[in-house]
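Hi everyone, thanks for coming. I'd like to walk you through a structure this morning, so please have it open in your viewer.

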Amino acid sequence: MKNKPNIDQLVEDTLNSVSGIDTVKTSPLFKERVLSRMAEQPIEHVEGLRYLDWFTPRYQAAALICFVVLNAFALLSYYSDSGYGEHVENFAEIYGLSETTTDSYLYQN
Amino acid sequence: MLLNEENFIKALREGTNQAYGQLLDEYQQKVFGTCISFVPNKEDAEDIAQEVFVEVFNSIDRFKGDSKLSTWIYRISVNKSLEFIRKKNTKKRFGFMQSLLGNDLPIDRSSYFTEFNHPGIQLENKEKSEILFAAINKLPEAQRVVYTLNKIDDLSYKEVSEITNKSVSSIESLLFRAKKNLQELLHDYYKKEGK
């Protein structure tokens, strides 16, 4: 019980210990060092791609999701169309592309 | 005073030495101040501050002008400092091993990511500040950023809200939670220390 106010006070003192931090100056050669590092940097030419700057990862993800959803929708509607199989069979028969029993018989002979 | 901001940014994009000289005159102290607030070691903070200016140099073409130049530079400073801390923390911390051995202390000064060397802290406050910095390192990142910018780097709520892209009320709430968590962490620490 006796320790509690002591700890509370210590906690408060610790939280206040950073209230009067003095400004720390950078080294005198800091500016020169940074400028020489900048001079060493390879020059990047990004001008040619600047028209695509707006196409950020957020937009890229949205475009990808749209692409996947549209494709899934197209595939679903393509296969769920009940007349599709019939149309293909008719088409194959008209153009002699279907495998009929007659054909099999002819081939066997 | 600098040229007006638009012309100044144009000069930075052209990469003139004069423009970068002016940029450094204007911002080196601010950037270094932010870096040392996150990483209380003069040498490490200077290295990070250098990285910040090199990043500004390399990405000024991508600066869209949605925010003030100063806000953008502060954001780079915060991100570079956090990147440094994350890298050092993963090297220093053997979290998995510690949790297995039951040594995972709430505040552990011995596993702090850098050697504490902040010349701006008075000698009589050094030990307590060291404990506080170790406790800040245990906070969730959003609380840590807001607390450090406001309480250590002494930036206003408005400045913190611009840098973090959050409303002033969320800054207040994050600060409140950060202070509460720090109180709990410090309380546990002193209790274990037997003070």
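How many residues of chain B are in contact with residues of chain A? Hold that thought for a second. Just so we're all on the same page, this is a predicted model. Okay, back to the question: 34 residues of chain B are in contact with 25 residues of chain A.

Which parts of chain B do that job? If you list the elements that give two or more residues to the side touching chain A, you get α2, α3 (42-59), α6 (126-136), α7 (141-152) and α9 (168-193) of chain B. The top contributor there is α2(B), with nine residues. And if you sort that side of chain B by class, you find 15 nonpolar, twelve polar and seven charged residues.

Now let's step back and look at each chain.

Chain A has five helices and zero strands, so to speak an α-α-α-α-α run when you start from the N terminus. There are 109 residues in chain A, and 6% of them count as buried.

Chain B is made of helices too: nine of them, and zero strands. Reading along its sequence gives α-α-α-α-α-α-α-α-α. Of its 195 residues, 36% count as buried. Here's another number for chain B: take the contacts between residues at least 6 apart in sequence, and 63% of those join residues at least 24 apart.

Next, the inside. Which residues have the most contacts inside the largest nonpolar core? They are C35(B), A49(B), I73(B), A135(B), V146(B) and L186(B), and the core itself has 54 residues. The elements that give two or more residues to this core are α2, α3, α4 (69-92), α6, α7, α8 (157-164) and α9 of chain B. Once again α2(B) turns up: α2(B) gives the most to this core, with ten residues.

Let me pick one of those core residues, L186(B). Skip its neighbours within four places in sequence, and L186(B) is in contact with V11(A), T14(A), I131(B) and A135(B). Notice the letters in brackets: V11(A) and T14(A) belong to chain A, while I131(B) and A135(B) belong to chain B.

Let's look at how some helices pack. Start inside chain B, with helix α1 (residues 5-14) and helix α2 (residues 17-38). Their axes come within 8 Å and cross at roughly 120°. That angle makes α1(B) oblique to α2(B). As for the handedness, α1(B) passes α2(B) in a left-handed crossing. Where do they meet? From α1(B) you have F8(B), A11(B) and L12(B), and from α2(B) you have A19(B), Y20(B) and L23(B). By class, that contact has six nonpolar residues, no polar ones and no charged ones.

Now a pair that goes across the two chains: α2(A) and α3(B). Their axes are 10 Å apart, and they pack at an angle of about 40°. Are they parallel or oblique to each other? With that angle, α2(A) and α3(B) are oblique to each other. The crossing of α2(A) past α3(B) is right-handed. On the α2(A) side, put your cursor on F30(A), R33(A), V34(A), R37(A) and M38(A); they meet E46(B), Q50(B), F53(B), V54(B) and F57(B) in α3(B). The classes in this contact are six nonpolar, one polar and three charged residues.

While we're on that chain A helix, let's find L35(A), which sits in helix α2 (residues 30-40) of chain A. Is L35(A) buried or partly exposed? L35(A) is partly exposed, because there are 16 other C-beta atoms within 10 Å. Leaving out residues up to four places away in sequence, L35(A) touches N17(B), Y20(B) and G21(B). You've met Y20(B) already, in the contact between α1(B) and α2(B). Compare L35(A) with T23(A): they are twelve residues apart in sequence and 23 Å apart in space, C-alpha to C-alpha.

One last stop: T90(B), which lies in helix α4 of chain B. With 11 other C-beta atoms within 10 Å, T90(B) is exposed. T90(B) and F113(B) are 23 residues apart in sequence, and their C-alpha to C-alpha distance in space is 8.8 Å.

That's my tour. Happy to go back to any of those spots if you'd like.

Key: Residues numbered from 1 in each chain as written. Chains lettered and ligands numbered in written order. Predicted model: local features only at pLDDT ≥ 70, side-chain atom pairs only at ≥ 80, totals over all residues. Axes fitted to C-alpha atoms, helices over the stretch in contact; angles between N-to-C directions. Helix = DSSP H or I, 4+ residues; strand = E, 2+ residues; numbered from the N terminus. Parallel < 35°, antiparallel > 145°, perpendicular 65-115°, else oblique. Left-handed = near helix turned anticlockwise from the far one by under 90°. Contact = placed C-beta atoms within 7 Å. Nonpolar A, V, L, I, M, F, W, Y, C, P; charged D, E, K, R; others polar. Buried ≥ 20, exposed ≤ 12 C-beta atoms within 10 Å, placed from the backbone. Core = buried A, V, L, I, M, F, W, Y, C linked by C-beta atoms within 7 Å.
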